[in-house]
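Colleague: Could you take me through this model and the terms used for it?
Modeller: Gladly, have a look first.

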Amino acid sequence: MTTVAANHYLAGNYAPVTEEVTAFDLPVIGELPAELGGRYLRNGPNPIADVNPATHHWFMGDGMVHGVRLRDGRAEWYRNRYVGSAHVSQVRGEPDIAGPNWTGGTVGPNTNVGGFAGRTWAMVEAGGTPVELTYELETVARNDFFGTLPGAFTAHPKVDPDTGEMHAVVYAPAQWMDHVQYVVVGTDGRVNHTVDIPLGMTMLHDMSLTGSYALVYDQPCTVDLELAMTGRFPFRWDPDYGNRVGLLPRNGGADDIVWIDVPLGYAFHPMNAYDTDDGRVVVDLCSYDAMFDNDLLGPFGDSLARLERWELDPVRRTSSVTVIDDTPNEFPRHRGSLTAKPYRFGYCTAPAADQTTGWPTIKHDLATGERTVFDHGPGRCAGEAVFIGRPDGEAEDDGWLMTLVHDLGAGTAELAVLDAADFDRGYVAQVPLPQRVPFGFHGNWVSDNAVPEGS
């Protein structure tokens with residue numbers, strides 16, 4: 001496997017692992033909360049074959065899902081499995097996986113993984129069809145929501161905690177060069193609403209949801225035809241494009257969108273958004289000064305993101321920006337039951353551009369401005385922190401944070417459980433994993449109530 005220092009995103013803990021491992025009865029340091037019954041899942045890029053280090057982009061690696069199954073205070077198993085795709089099948093000398101491949105893409109979903117409608121889904125941005133996985137993370141098939149998805153999907157849908165519906169703004173730059181689409185998936189796993197939105201070939205990585213609106217991010221990373229024609233990751237910084245957010249009424253059409261200009265920059269990931277009583281929209285997100293300008297191989301070479309609050313006025317069509325934290329913040333999360341609602345606490349990791357320092361976990365009190373840091377130690381890097389509420393808990397932060405912690409010096413990884421309300425407590429539990437886990441993207445806690453064992 002090619003992992004040379006010439007490409008930062010193929011070296012060190014970005015380097016792929018080569019084996020699919022199954023391990024049972026994992027050791028536990030501390031005590032896993034007995035209430036945690038389900039799976040922690042995380043997806044990320046892991047090239048299965050040699051790549052060209054001069055042109056390989058981190059976002060283009062084959063998808064690999066890592067999972068840890070917890071039950072009754074035990075860590076019953078760890079598994080890592082490639083997400084099925086045309087490319088993985090080709091390398092293995094096997095037939096392509098079943099299911100419609102709408103974009104014709106060869107790389108499988110490598111960006112997110114979660115549970116919805118009683119099934120496990122691996123997802124990718126830029127239009128690829130989700131791939132359904134078994135409880136044990138084996139590939140079932142591509143699943144276009146049982147034949148109801150018109151075309152593209154995304155890695156970053158938002159689930160409305162009141163209706164249970166999944167909302168997404170999706171794009172496919174090679175297939176849809178002049179529009180994107182708002183998609184709503186019902187609790188039965190079938191699409192029940194779509195709206196086509198005229199838009200150019202922007203990198204539309206994520207969306208936000210409020211009680212009133214679906215937010216469409218139209219940002220200055222656009223398709224570079226020269227890169228696309230050579231088969232490279234096609235997006236590049238385009239500051240002349242401008243930067244704006246569209247407020248699409250949930251039950252409205254494209255003509256009802258209110259477009260609001262925002263300062264130049266790029267945001268992969270919003271933390272949360274909500275409507276205010278006076279009709280404004282508040283969005284908290286991680287904002288970069290530039291993206292894929294000089295660094296065409298990954299996201300961290302041009303700038304690191306700070307946490308900002310955008311307040312959008314749909315009547316005046318104006319925006320105001322407040323910097324919440326000007327230190328590095330990424331992979332923002334919040335309590336899922338407060339998606340699209342006012343909330344107080346958010347959680348981020350603090351990535352570094354190199355692999356010489358640790359990546360702490362940060363808790364933000366958005367009401368008081370207090371910033372609390374969980375330092376995992378020298379050379380120990382935490383990924384995205386997923387919040388799991390304590391059953392019958394009353395406080396918003398009454399629950400746990402679950403994340404992977406990568407030890408760069410030891411070349412190891414562990415599943416870590418923190419007390420979201422009390423960082424001073426230290427680790428609630430640590431589950432050392434049987435192999436290194438490369439840096440990756442997104443995942444979720446999928447309880448057995450949401451996706452039962454055997455599904």
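Colleague: Which residues line the largest cavity?
Modeller: The lining is made of Tyr 40, Arg 42, Phe 331, Trp 359, Gly 383, Glu 384, Thr 403, Leu 404, His 406, Phe 439, Gly 440 and Phe 441. Keep in mind that this is a predicted model, where local features need pLDDT of at least 70, side-chain atom pairs count only at pLDDT 80 or more, and totals for chains, interfaces and linings use all residues. Residues are numbered from 1 along each chain as its sequence is written, and side-chain values use heavy atoms, with hydrogens and water left out.

Colleague: What makes a space a cavity, and a residue part of a lining?
Modeller: On a 1 Å grid over the protein atoms alone, a cavity is a set of points where a 1.4 Å probe fits but cannot get out, and lining residues have an atom within 4 Å of a point. A search of the whole structure gives 5 cavities of 30 Å³ or more, and the largest holds about 80 Å³. That volume is the space filled by probe spheres set on the points, with grid points joined across faces, edges and corners.

Colleague: Which element gives the most to that lining?
Modeller: β30 does, with 3 residues. Strands here are DSSP runs of E, at least two residues long, numbered from the N terminus.

Colleague: Why is β31 called largely enclosed?
Modeller: Buried means under 20% relative accessible area, and 7 of the 8 residues of β31 (412-419) meet that, so the strand is largely enclosed by the rest of the structure.

Colleague: How do you know that β31 pairs with β30?
Modeller: Two strands pair if DSSP finds at least two bridges between them; β30 and β31 are joined by 8 bridges and run antiparallel, so they qualify. Met 402 has Val 417 in β31 as its bridge partner. β31 is also joined to β32 (residues 427-432) by 5 bridges, again antiparallel.

Colleague: What makes β24 and β27 edge strands?
Modeller: In the open sheet ordered β24-β25-β26-β27, β24 (330-333) and β27 (371-374) each have a single partner strand, so one side of each is left without a neighbour in the sheet.

Colleague: Why is Arg 232 called partly exposed?
Modeller: Partly exposed lies between the buried limit and exposed, which is over 50%; Arg 232 has a relative accessible area of 24%, so the label fits. Arg 232 is found in the loop between α2 (225-229) and β17 (235-237).

Notes. 1 Å grid on protein atoms, 1.4 Å probe; cavity = no way out; pocket = protein on both sides within 12 Å on 5 of 7 lines; lining within 4 Å. Helix = DSSP H or I, 4+ residues; strand = E, 2+ residues; numbered from the N terminus. Buried < 20%, exposed > 50% of the residue type's maximum accessible area, 1.4 Å probe, protein only.
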